[in-house]
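This briefing looks at nonpolar packing and at aromatic pairs. Please keep the sequence and the model in view while reading.

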Amino acid sequence: MGEVSSWVVDPSRGMFAAAQRGLLPKFLRKTNTHEVPVPLVMIQGIIVTLWGAVLTFGGGGNNLSFLVAISLTVVIYLVGYLLFFIGYFVLIYKKQNLKRTYNVPGKIMGKTIIAGIGFLLSIFALFISFVSPASIAKNETHTYQMILLISFVVTAILPFIVYELHDKRGHDTIEEPRHFKARDVNPAIYPAARGEHHIIKKEEHILKH
């Protein structure tokens with residue numbers, strides 16, 4: 001239940017941060033008094049419900065639908081890892097003067113080798129994810145791959161469409177995140193889950209009852 005709850009809540013928090021930076025419509029910055037982004041959670045619930053219905057009925061409502069959903073989650077995460085590694089390469093080659101709290105041993109060569117291995121393994125895992133599992137019947141292999149491929153393409157392209165359509169003037173009115181020290185955050189939250197950077201919400205972004 002904890003893992004499922006994390007899967008449900010995490011995307012809304014990421015989109016909420018994007019809304020705070022002006023990448024999404026202003027009404028998506030709204031929260032309730034407990035700082036829950038209600039509009040985003042509701043929209044996410046609708047999208048997940050509709051997408052779940054597409055996967056279920058599109059896959060025949062059997063084990064195929066579940067396997068496609070799991071594989072889609074994997075490939076989306078792998079794209080994130082690929083972006084992380086690409087960003088890391090940019091940092092070690094173009095931002096060498098940045099102050100770092102930790103350095104991978106081996107200087108540039110060591111960093112390149114370790115990150116390169118991770119990058120190649122992520123690419124390999126991405127391609128492997130499109131190979132149908134042995135538990136799927138042979139006559140369903142094509143259906144599995146097509147549903148997964150179409151779902152992946154839609155998921156990958158959608159953020160770029162949203163970014164191109166967003167109002168770039170919104171950046172002028174959004175405050176930059178503030179860095180919080182350990183004593184300033186909720187001590188009841190496990191340290192690894194405490195965000196260090198927060199955007200201070202404004203009164204106008206709190207939903208009125």
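Which residues does Leu-126 touch, not counting residues up to four places away in sequence? Leu-126 touches Val-75, Leu-78 and Leu-82 on that count, where contact means heavy atoms within 4.5 Å. The model is predicted, so local features need pLDDT of at least 70 and side-chain atom pairs count only at pLDDT 80 or more, while totals for chains, interfaces and linings use all residues. Residues are numbered from 1 along each chain as its sequence is written, and side-chain values use heavy atoms, with hydrogens and water left out.

**Nonpolar cores**
- The largest nonpolar core (buried Ala, Val, Leu, Ile, Met, Phe, Trp, Tyr and Cys residues joined through side-chain atoms within 4.5 Å; buried means under 20% relative accessible area, with a 1.4 Å probe and protein chains only) holds 14 residues, of which Val-75, Leu-126, Phe-130 and Tyr-144 touch the most other members.
- Helix H3 (63-94) and helix H5 (141-165) each supply at least two residues of this core, helices being DSSP runs of H or I with at least four residues, numbered from the N terminus.
- The largest share, seven residues, comes from H3.
- Apart from this core lies another, of five residues, among them Phe-16, Leu-24, Leu-28 and Leu-40.

**Aromatic pairs**
- The structure holds three aromatic pairs, defined by ring centres of Phe, Tyr or Trp (its six-membered ring) within 6.5 Å.
- The rings of Tyr-81 and Phe-84 have centres 6.1 Å apart and planes at 90 degrees, so this pair is edge-to-face (planes over 60 degrees apart).
- Both Tyr-81 and Phe-84 lie in helix H3, three residues apart, about one turn of the helix.
- Phe-130 and Phe-152 also form an edge-to-face pair, with centres 5.8 Å apart and planes at 75 degrees.
- Because Phe-130 lies in the loop between helix H4 (107-128) and H5, and Phe-152 in helix H5, the pair ties together parts 22 residues apart in sequence.
- Phe-130 and Phe-152 are both buried.

Definitions and conventions: Buried means under 20% relative accessible area, exposed over 50%, partly exposed in between (1.4 Å probe, protein chains only). Rings of Phe, Tyr and Trp (its six-membered ring) pair if their centres lie within 6.5 Å; planes under 30 degrees apart count as stacked, over 60 as edge-to-face and the rest as tilted.
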